[in-house]
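Here is a short briefing on one protein model. Please look at the sequence and the fold first, then read the points below.

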Amino acid sequence: MALAAPSTELDPQGQRWHIDDAVVRLRLWGTEYAHRFPERRGPLKLGSADTCDVQLHDKARQVSREHAVLTPEPRGWEICDMASTNGLWVEGVRATKSTLQAGLKIELGGLILVAESLKFIGLRSLVCRLVGWGTARQADIDEALQNLRDCAMQRTPLILIGDDDLAPVAARLHRMTLGPDAPFLSYDGGDVRAAIQAAMQGTLCVPIRRRATASAIADAVHALEFAGRPRLVLCARNAGDAAAVSTTSGRRAVISMPPLSARTGEISRLVHEAAHDIVGEMDLTSTGFTMHDLERLQAMKFSGMADLEVALRRVIAMRTWGVTAGAKKLGLKHSSLSQWARNKNRRLST
């Protein structure tokens, strides 16, 4: 397939999706294969004919020779059906035209395309890190991205399944999908109403420790007025805990993260990508890692993403400011950071 979503806004009904930059390409669902839009701003025809600007190869032969056209408009690219046999489908609904938005799922014949902006591509990179980069995981990644968009737009609560503390993962996804200014609260007990109020128009992250409590919180959130209520993210260690939480909200979106012990071949890439993000968050120019640091980090056993990021943050702080000043930056005692680094399972130089 020689192949290609917009500005997204705060919906008056409470649909907030922070991925609001211009669409730059369409990507074939479940693959890395994408067609980037050209610099020129003229109409682009999509279809099976070799005369189309974006030629689509559909094994099911359901794409018309000239199936749809993309036209640049003031609000972004607009896709219009060209009286095709099988029509244009947007988010599962047949349409004659639609303005492309980042994350929008477009169906043409037997093909599914995803509209992507630079911010959305960045979000996909993060989801790949959480779920895996293998070819077999590509469809799971696209499902996860749709689930994140549905949660951000108040269509469904989100359930994260994985080892370790998932609140940092939920917080990172929150910042990318709702924006850094929206409130984020991780519920750790106490007054449920106060927690919900503090997270209004943001995200309420609830670890599933007691299933009945998690179900009650989910129902309390769902009962609130749509426009103001927080997005709900439930964190479970396994599918059984997730399935046992009942809600009145209907469909639930699930993102399941495989344990790091099953991703040994990806640890090096995980270390590099997570460290790159942490360097950006700490406003630094580099990790300062030595070759020994990288060797040790790639050999360590981590309980999950949160554990991995704690280790990376500590090593970066030590290499940037030294043990004493680095510990202070992290809110730790000098002795605690030093002992952590010298532990027999780490053997990092200080």
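Of the 11 residues of helix 3 (residues 167-177), 8 are buried, so this helix is largely enclosed by the rest of the structure. Keep in mind that the model is predicted. The points below cover helix 3, the sheet, strand 1 with its neighbours, and one loop residue.

**Helix 3 and what follows**

- Which residues of helix 3 are buried? They are Ala167, Val169, Ala170, Ala171, Arg172, Leu173, His174 and Thr177.
- The list includes Arg172 and His174.
- Glycine 179 sits just after helix 3 and takes a positive phi of about 100 degrees.

**The sheet**

- The sheet is open and has 6 strands. Their order is 2-1-11-10-7-8, and the pairing is antiparallel.
- Strand 2 (34-36) and strand 8 (93-95) are the edge strands. Each of them pairs on one side only.
- On average, neighbouring strands of this sheet are turned by 30 degrees against each other, direction ignored.
- Helix 1 (residues 118-131) packs on the sheet. Helix 1 touches strand 1, strand 2 and strand 11. The direction of helix 1 makes about 110 degrees with that of strand 11.
- Strands of a sheet pair through backbone hydrogen bonds, either parallel or antiparallel.

**Strand 1 and its partners**

- Is strand 1 largely enclosed or open? In strand 1, 6 of the 6 residues are buried, so the strand is largely enclosed by the rest of the structure.
- Strand 1 (residues 23-28) runs antiparallel to strand 11 (residues 111-117), and 5 bridges join the two.
- Valine 23 stands opposite serine 117 in strand 11. Leucine 28 stands opposite leucine 113 in strand 11.
- How many bridges join strand 1 to strand 2? There are 3, and these two strands run antiparallel.
- Arginine 25 has arginine 36 in strand 2 as its bridge partner.
- The hairpin of strand 1 and strand 2 has 5 residues between the strands. In this hairpin, glycine 30 takes a positive phi near 75 degrees.

**Leucine 56**

- Where is leucine 56 found? Leucine 56 lies in the loop between strand 4 (54-55) and strand 5 (68-73).
- Leucine 56 has a relative accessible area of 1%, so it counts as buried. The cut-off for buried is under 20%.
- Leucine 56 and glutamate 225 are 169 residues apart in sequence. In space they are 43 Å apart, C-alpha to C-alpha.

Note on methods. Residues are numbered from 1 along each chain as its sequence is written. This is a predicted model: local features need pLDDT of at least 70, side-chain atom pairs count only at pLDDT 80 or more; totals for chains, interfaces and linings use all residues. Side-chain values use heavy atoms; hydrogens and water are left out. Two strands pair if DSSP finds at least two bridges between them. Helices (H or I, at least four residues) and strands (E, at least two) are DSSP runs, numbered from the N terminus. Axes are lines fitted to C-alpha atoms, for helices over the stretch in contact, and angles run from 0 to 180 degrees between N-to-C directions. Contact means heavy atoms within 4.5 Å. Buried means under 20% relative accessible area, exposed over 50%, partly exposed in between (1.4 Å probe, protein chains only).
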